[in-house]
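Work through the exercises below with the coordinates open. Each task is followed by a solution in steps.

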Amino acid sequence: MEKHTENELLTVTVPAGDPAGRPWEGCINSVNYRVPRGVPVTLPRFLAEHIERTEAERLLAREREAAFASHAEKLNR
């Protein structure tokens, strides 16, 4: 089993968005997390990576939604 120092398990990240806006919220293994957006925060590496993945998925979903809406609009003309 690999041993890690505490610093290897932490990383500094800045979740995208406005600090005045809604924080990133999620629940992993029954632990609720609320991470402010737009400011540097130190997080466990697994959580920072999870936030990056979920934000990428959210962005892709918005892009697909816009593309589908555009196609639907063309069909309804």
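**Exercise 1.** Determine which residues are linked in a network of salt bridges, a salt bridge being a side-chain nitrogen of Lys or Arg within 4 Å of a carboxyl oxygen of Asp or Glu.

Solution.
Step 1. The model is predicted, local features need pLDDT of at least 70, side-chain atom pairs count only at pLDDT 80 or more, and totals for chains, interfaces and linings use all residues. Residues are numbered from 1 along each chain as its sequence is written, and side-chain values use heavy atoms, with hydrogens and water left out.
Step 2. Arg22 and Glu25 form a salt bridge at 3.9 Å, N to O.
Step 3. Glu25 also meets Arg34, at 2.5 Å, N to O.
Step 4. The network therefore consists of Arg22, Glu25 and Arg34.

**Exercise 2.** Classify the members of the network as buried (under 20% relative accessible area), exposed (over 50%) or partly exposed (in between), with a 1.4 Å probe and protein chains only.

Solution.
Step 1. Arg22 has 66% relative accessibility, so this residue is exposed.
Step 2. Arg34 is exposed because its relative accessibility is 62%.
Step 3. Glu25, at 39%, is partly exposed.

**Exercise 3.** Locate the salt bridge between Arg37 and Glu55 along the chain. Helices (H or I, at least four residues) and strands (E, at least two) are DSSP runs, numbered from the N terminus.

Solution.
Step 1. The distance between the two side chains is 3.2 Å, N to O.
Step 2. The pair links distant parts of the chain, 18 residues apart: Arg37 lies in the loop between β3 (31–35) and β4 (41–44), and Glu55 in helix α1 (residues 45–75).
Step 3. Both Arg37 and Glu55 are buried.

**Exercise 4.** Describe how β2 and β3 pair, where pairing requires at least two bridges found by DSSP between two strands.

Solution.
Step 1. Strand β2 (residues 24–28) runs antiparallel to β3, with five bridges.
Step 2. Cys27 is opposite Asn32 of β3.
Step 3. The two strands make a hairpin with two residues between them, and Asn29 in the turn has a positive phi of about 50°.

**Exercise 5.** Compare the span of α1 with its expected value, and list its buried residues with what covers them.

Solution.
Step 1. The expected span is 1.5 Å times one less than the number of residues.
Step 2. With 31 residues, α1 reaches 45 Å from first to last C-alpha, close to the expected 45 Å.
Step 3. Leu47, Ala48, Ile51 and Glu55 are its buried residues.
Step 4. Their cover, judged by contact (heavy atoms within 4.5 Å), includes β1 (10–13), β2, β3 and β4.
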